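Hi,

Here's the structure I promised to pass on. Have a look when you get a minute, and my notes are underneath.

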Amino acid sequence: MTEFLLIRHATPDYSIIDKRKYRAFGNDLAPLTEEGEKEAFLLSKSDELKSADLILSSPHARTLQTASILAKELNLNLKVEIDLMEWIPDKTFMYDDYSKVVKWREHYEANNGKNSYPEDNFEEKDEIITRTNNVLRKYSSYKKVLVITHGMVINALTNIEKPNCTQIVKYNIPNL
């Protein structure tokens with residue numbers, strides 16, 4: 001059985017995103033802070049990661065930067081998987097007001113990932129679980145895979161409420 005280690009990206013820097021007033025997918029361009037880079041380097045020294053076979057990463061800048069530091073330090077191949085992305089607050093990808101995202105996330109959290117309002121079009125918890133597990137199943141021939149992803153993805157899969165940056169969480173795909 002493959003051991004998947006879900007790892008939340010290191011600390012991101014949203015200041016450039018805020019300064020440029022990027023919205024929607026613009027938020028995904030946030031790089032790591034200098035401290036975040038140090039966190040990723042320190043994470044690469046963890047004994048728990050030493051016997052990994054491969055690194056998978058979400059396509060967001062903060063996960064790719066974390067994963068690239070790990071790949072270099074651990075001498076591992078890195079594959080980018082779009083469906084390891086963060087929670088989708090608007091499946092039309094058309095929102096332009098971050099306050100809506102805050103409202104949708106509050107609704108998501110208050111209803112355990114369920115959407116009870118037809119006018120809201122956010123990704124439900126079950127959808128996150130399905131898309132993520134579909135990716136991970138493709139890598140079930142490996143012994144140990146590092147999966148660099150996001151807090152809401154880790155929460156959906158494991159029910160850990162708010163994973164810390166660079167937190168490592170062991171995960172097995174149900175019914176594999």
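What follows is a quick run through the sheet and what packs on it.

First off, keep in mind that this is a predicted model.

The sheet is open and has five strands, in the order S3-S2-S4-S1-S5, with mixed pairing. S3 (78-80) and S5 (168-171) sit at the edges with a single partner strand each, so one side of each has no neighbour in the sheet. From one strand to the next, the twist averages 25 degrees.

Going in from the S3 edge, S2 (residues 54-57) pairs with S3 in the parallel sense over three bridges. Ser 57 is found opposite Val 80 in S3. S2 also pairs with S4, again parallel, this time over four bridges, and Ile 55 has Leu 146 in S4 as its bridge partner. On to S1: six bridges join S1 to S4, and the two run parallel. Ile 7 stands opposite Ile 148 in S4.

S4 is worth a closer look. Six of its six residues are buried, and that goes for both faces: Lys 144, Leu 146 and Ile 148 on one side, Val 145, Val 147 and Thr 149 on the other. As a reminder, side chains in a regular strand alternate between the two faces of the sheet.

Then there's helix H6 (residues 151-158), which packs on the sheet and touches S1 (3-8), S4 (144-149) and S5. The direction of H6 makes about 140 degrees with that of S1.

Cheers

Conventions:
Residues are numbered from 1 along each chain as its sequence is written. This is a predicted model: local features need pLDDT of at least 70, side-chain atom pairs count only at pLDDT 80 or more; totals for chains, interfaces and linings use all residues. Side-chain values use heavy atoms; hydrogens and water are left out. Two strands pair if DSSP finds at least two bridges between them. Axes are lines fitted to C-alpha atoms, for helices over the stretch in contact, and angles run from 0 to 180 degrees between N-to-C directions. Contact means heavy atoms within 4.5 Å. Buried means under 20% relative accessible area, exposed over 50%, partly exposed in between (1.4 Å probe, protein chains only).
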